[in-house]
Every structure is written in C-alpha cells, then in structure tokens.
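Biologist: I would like a close look at one part of this model. Please take me through it, then place it in its surroundings.

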Amino acid sequence: MTKDNSLNFYSIFKWVIIISFVVYAVFPFLWLVLASLKTNAELLDNPFKLPKVFQFQNYSNAIQEAGLIQLIINSLVISTCATFLNILFASMCAFAIARHIFWWKNVLFLMITAGILVPLNALIIPYYAIINFLNLYDTRLGLILVYCAVGLPVSTFILTEFFKGIPKEIEEASYLDGCNFVARYFRIMLPLALPGLATAGTFQFILCWNEFIYAMLLTSSTEIRTIQFGISYFTNEFFSDYVGMFAAVVVSILPSITVFILFQERVITGLTAGSVKG
Amino acid sequence: MKIKKDEVGWLLLFIAPTLILFTLFFILPILFLLASSFTNWDGIDAEFVGFENYIKLFNKKSFVRAITNNLYWCITAALITVPLGLIIALLLSHRSRGWKVFRTVLFVPQVVSSAAIAMLWAAVFNAEYGLLNYILDNIGLSDYKNHNWLGNVRTANAALIGFSLCYVGYFMVIMLAKTASISEDYYDAAKIDGASQIQKDFYITAPLIKSTFFLCIILAVIFNLRQFEYVYLMTAGGPANKTQVLVVYIWNELTVQRLGRGSAAGVIMIALGAMLLLLLRRILKSETYN
C-alpha cells in the first residue's frame, strides 16, 4: 500500500483513535507503577503527583510481608510443570492425529477441540469434588493436573494444525528406513515442530501464570498459594497499605509481560493460528 | 500414514494421556454436574430432589440478575468491544510507521492476569485515591470528588463495562492478522479507481475479514459468559447483587456448601453457552452467505 502523508480528516481521526486507546490500555499501568513508588499519604493527598522520594522500600516491604518470593516460586514451579506436561501430552496426541490414519481420529479431534468452547468456570463444583476425591486438594500436583488438562484442547488444536503443515516426505523416508513410531515422534517431528511447540507453550504458560479461580478453589495453605491468588489477599491483609498492594501487583505482572515481549511474535501467530485463548 | 499392526499400541499410548485427562476434567465433570444438579448435595449427603434446584434458582432475583448481567456483558462485548477492535484493526492495517508498537502495546492487557487487571482498575475507580475521580475533579466535574464508582448501584455496572474496553486489543490483533492475507491487487485496483483510504478500509478490507470478525464475536461471548475475576475482585457481585454474574453466583453457592444448587446454576450456564453459540452460528452463517 502506498503511504498517504496528506493531513486529511481520516488520518487525524485515525491517530486520535489509536492514541486514545493506547492511553486507555497503558496509562493505568503507568499510574500503577508511579503509585507503587509513593507513600500512602502522598497517594491519598494527590494520586497523580510525582513522589518526593521514590519509595523503593514499598517493594521490599511487599516482598517480605506478603512472602512474594514464595508465591512467585510456587507459580513458577506450577506453571512450568503444567506447561511441560501439557505440551508433551498435547504434542503426542497431535502427532497421532495429524500423521496417522485411523477411523476414529476425526471424532477424537472434534471432541477435544470442542472442549475449547466449554465455559469451564461452570465446572468449579465438580473440579472441587474430583480433586478432593483424588486426594489432591491443597497440593501442587492437583493444580498442575488441572492447569495441564484445562489447556489441552487449545494446545492439541494448535499443535495438530502445525503438524499438518510440516511436509510428510522426511517422515515417510524415515518410516521406510525402519524408524519406529516413538523415534519418528522424538527424532523427526519434535525438532521440526519447535516453533509450534514454542507457540503453544507460551500460550499455556501465560494461561497458567495468570490463572486465578482454580488456584483459589483448590489450595488453602500459604506454602502452595500462587501469586495471582496471593495478591488478592492484599485487599484484606494490608487494607490500608495501598502502595504495598500496588507494588505487589507490579511484581505479579512483570513475568507475564516479560514472556510476552520475548515471545510476542509467537503469541500473535498462535493467536491467529488457533484464534483462541484458554 | 497408515498404521502398522505392531504400532497400534504406541498410537493408543500416545493418545492416552490427553484422552484420560480430557475424560477426567471435561467429560466426567459435565456428567457429574448434571447428576448433582438434581440433588440437594451439601458435600456430605445427597438426596434426589428432581427439578427443585432449578425452580428455586429461577425464582431467585439475584440469579436472574446474574443471567441478565452475563448477557449484558456478552452483548456489550459483541456490539462495542469487537467493533471497536475492528476499527482499530482497519486503521493499523495501513501499516503506517510504528504499527507494530501500537499492536504490542494494545495487546498488553490481554497477557496480564485478570486478577491484576481487576485490582488495578479497582484502584482507578477508588473513591479516596482513585485516578478517575482525580481526573474528573481536575477537569471541573467536582461532583464526582468522592464518588464510589464500584460501590454505587447506579454506576457499578457501567464502570465494569467501561474498564472492559481495555481488552479491545485482543480482538484487534486477531483481525489485524487476517488483513495480512488480503491480496495487494485489490488495493491497487481501488487506487486506479481513485478510492480514498476510508473507502479502501470499509469497502475492501472490512468485508474481506468478515469471517474473522464473526469469530471474534463468538470468542467475546464465550469469554464474557465465563468471566469471574473482575466481578469477584472488584465488586464481589455487589452492591445489592447489582453486578452479580453466573460464576460468582456458583462460587457463592459453593462456599455455603449448597453444591446441588450450585451445580444446577452450572448446568444452566453451560446450556446458556450452547444456546448462544448455536444462535450466533445461525445469525452469522446467514450473514456470510448473503
């Protein structure tokens, strides 16, 4: 498309719209960071003025008093394990579906991907019962299993579509050379599908890191609590320490923003390949 | 690839983990939900009570309010958020300088957790130190000096809907990506015909990404049906159940151990989702072929 540099009404409209939405999306975050560096008195006096001295101790206070380090470690462990298992299982299933012919594969694929459309939050009561039945209430394993399972439809969908796009020739050659099922998966498919795995993995990680309702539903002790559920405690525990709450929120969003900035192309292609968010 | 006889075992083994977890966390819970919705299960005992839970729910004002609010969220998303996303996608599809930066920035709220976003916006709306009141006060609307946006019956829902517009970037990114697949030939032809930018956007780009636009509407409806964190953390369904939504309602039933009743609410929610999807498919399908 050629560039139209003339300053007409439409291009003014365009920049007004774009800039105002950018402000809408980003301004609250900037304010959050600013507010997290003030004292409570300064915040109540004027929410918008720059603080006299940047109160970096808000962060150290939040980290110490709320045990943010423990919360972050819990979230990291749970999200990483759940993402690993999810991608492993989904890629195995996607490999079976995308590369082999068996009569019930379309039924299987349709059934699993239909899971994307189920409003899962309606199922909190059965999840609570099932996790209790499996004796996994208030354990990391319980959350890992739930997170892994909840993301399976999206991951299986993204990976199956990705696997279908990889040329069959290499695999067929190895098949003729006597490469067996498992070797074809590990030696041929996985290395070729790395970008697809990264896409599905990034999605799954962000989903796990950000998850709130199951964390609240299925854990109770502080040693296991994840960061998202942990920060919501700030509204009660530190009811007057607003700046501490802001500092904790900033800490909690940094990892997902970092992962997004690092893998943004992956996130965006994943979104358009799958057009779904778990 | 055809399966060799001796590889069938491996094939099943590769499908098994996904299938087992899917059964355990998708199929079984739905059946379980349906079964317990006809009982008065309280975590210990359960007796069959027929349709009592359903009848009681539909006679509860707060439950009907939850359904209406969920529909209200879905409709606003479909009629305001997604169309706004389309407009921004059209504008960014010109690929003028810096479009990638704007795309990234607008997408950021989507990767931040709902819990953090809810707490952030609750602070923006806060009566004592909130950003919104401060801005309104400074532009001369001092009536709102100590207005509690989320605590006031009149403004709570409007405030929630207003903040949800920050998710416009998600739909924008999906539609914007679709514009990349449009052939340059269309625009070249339009240029020869002397079409202006606005004509190109609305007569070429917009119709060609129609299917993606519909997909976004479907996604928006699903997301807004299952949303929980914003209402739970910002208003907890209050004031006076004014902002109640289905998942928060189910959560409240769960915390008082009225699990049978909560299950019935869950069944209604899934049924509502299915109905909305079918309805949308019908409407949007007839649109696509016309």
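The part in question is a helix of chain B, and the reply moves from there to the chain, the contact with chain A and the shared core.

Biologist: Which residues of helix H8 of chain B are buried, and how does chain B meet chain A?

Modeller: Keep in mind that this is a predicted model. Start with the helix itself. H8(B) covers residues 168-179 of chain B. It has twelve residues and reaches 17 Å from its first C-alpha to its last. That is close to the 16 Å expected at 1.5 Å a residue.

The helix is mostly covered, with twelve of its twelve residues buried. The buried stretch opens with Val168(B), Gly169(B), Tyr170(B) and Phe171(B). Met172(B), Val173(B), Ile174(B) and Met175(B) are buried too. So are Leu176(B), Ala177(B), Lys178(B) and Thr179(B). The list therefore includes a lysine, Lys178(B), which counts as buried because 20 or more other C-beta atoms within 10 Å are what that class requires.

One residue of this helix leads further. Met175(B) belongs to the largest nonpolar core, which has 177 residues. It is among the members that touch the most others, along with Met119(B) and Ile250(B). Val146(A), Ala248(A) and Val249(A) are also in that group. The core draws at least three residues from each of domain 1 (9-57) and domain 2 (67-274) of chain A.

Met119(B) shows how the chains meet in this core. Leaving out residues up to four places away in sequence, Met119(B) touches Ile231(A), Met245(A) and Val249(A). In its own chain, Met119(B) touches Leu233(B).

Now the contact between the chains. On chain B, 75 residues are in contact with 75 residues of chain A. Helix H1 (residues 8-36) of chain B gives the largest share of the chain B side, 15 residues. By class, that side has 56 nonpolar, 13 polar and six charged residues.

Next, chain B as a whole. It has 14 helices and zero strands. Buried residues make up 46% of its 290 residues. The radius of gyration of chain B is 24 Å, whereas a compact globule of 290 residues would have one near 19 Å. Its C-alpha atoms fill a box of roughly 75 × 75 × 35 Å along the principal axes. Of the contacts in chain B with a separation of 6 or more, 71% join residues 24 or more positions apart.

For a contrast with H8(B), look at Leu277(B). Leu277(B) lies in helix H14 (residues 259-289) of chain B. It counts as partly exposed because it has 15 C-beta neighbours inside 10 Å. Beyond its neighbours within four places in sequence, Leu277(B) is in contact with Leu117(A) and Ile218(B). Leu219(B) is 58 residues from Leu277(B) in sequence, and their C-alpha atoms are 9.7 Å apart.

Last, the domains on the chain A side. Chain A is divided into domain 1 (9-57) and domain 2 (67-274). Their C-alpha centres lie 33 Å apart. Nine residues of domain 1 of chain A are in contact with eight residues of domain 2 of chain A. On the domain 1 side, helix H1 (9-35) and helix H2 (40-45) of chain A each give two or more residues. H1(A) gives the largest share there, three residues. The domain 1 side divides into four nonpolar, four polar and one charged residue.

Note on methods:
Residues are numbered from 1 along each chain as its sequence is written. Chains are lettered from A and ligands numbered from 1 in the order in which they are written. This is a predicted model: local features need pLDDT of at least 70, side-chain atom pairs count only at pLDDT 80 or more; totals for chains, interfaces and linings use all residues. Two residues are in contact if their C-beta atoms, placed from the backbone, lie within 7 Å. Helices (H or I, at least four residues) and strands (E, at least two) are DSSP runs, numbered from the N terminus. Ala, Val, Leu, Ile, Met, Phe, Trp, Tyr, Cys and Pro count as nonpolar, Asp, Glu, Lys and Arg as charged, and the others, Gly among them, as polar. The radius of gyration is taken over C-alpha atoms; the globule rule is 2.2 Å times the number of residues to the power 0.38. A nonpolar core is a set of buried Ala, Val, Leu, Ile, Met, Phe, Trp, Tyr and Cys residues joined through C-beta atoms within 7 Å. Domain bounds come from an automatic or database domain assignment. The expected span of a helix is 1.5 Å times one less than its number of residues.
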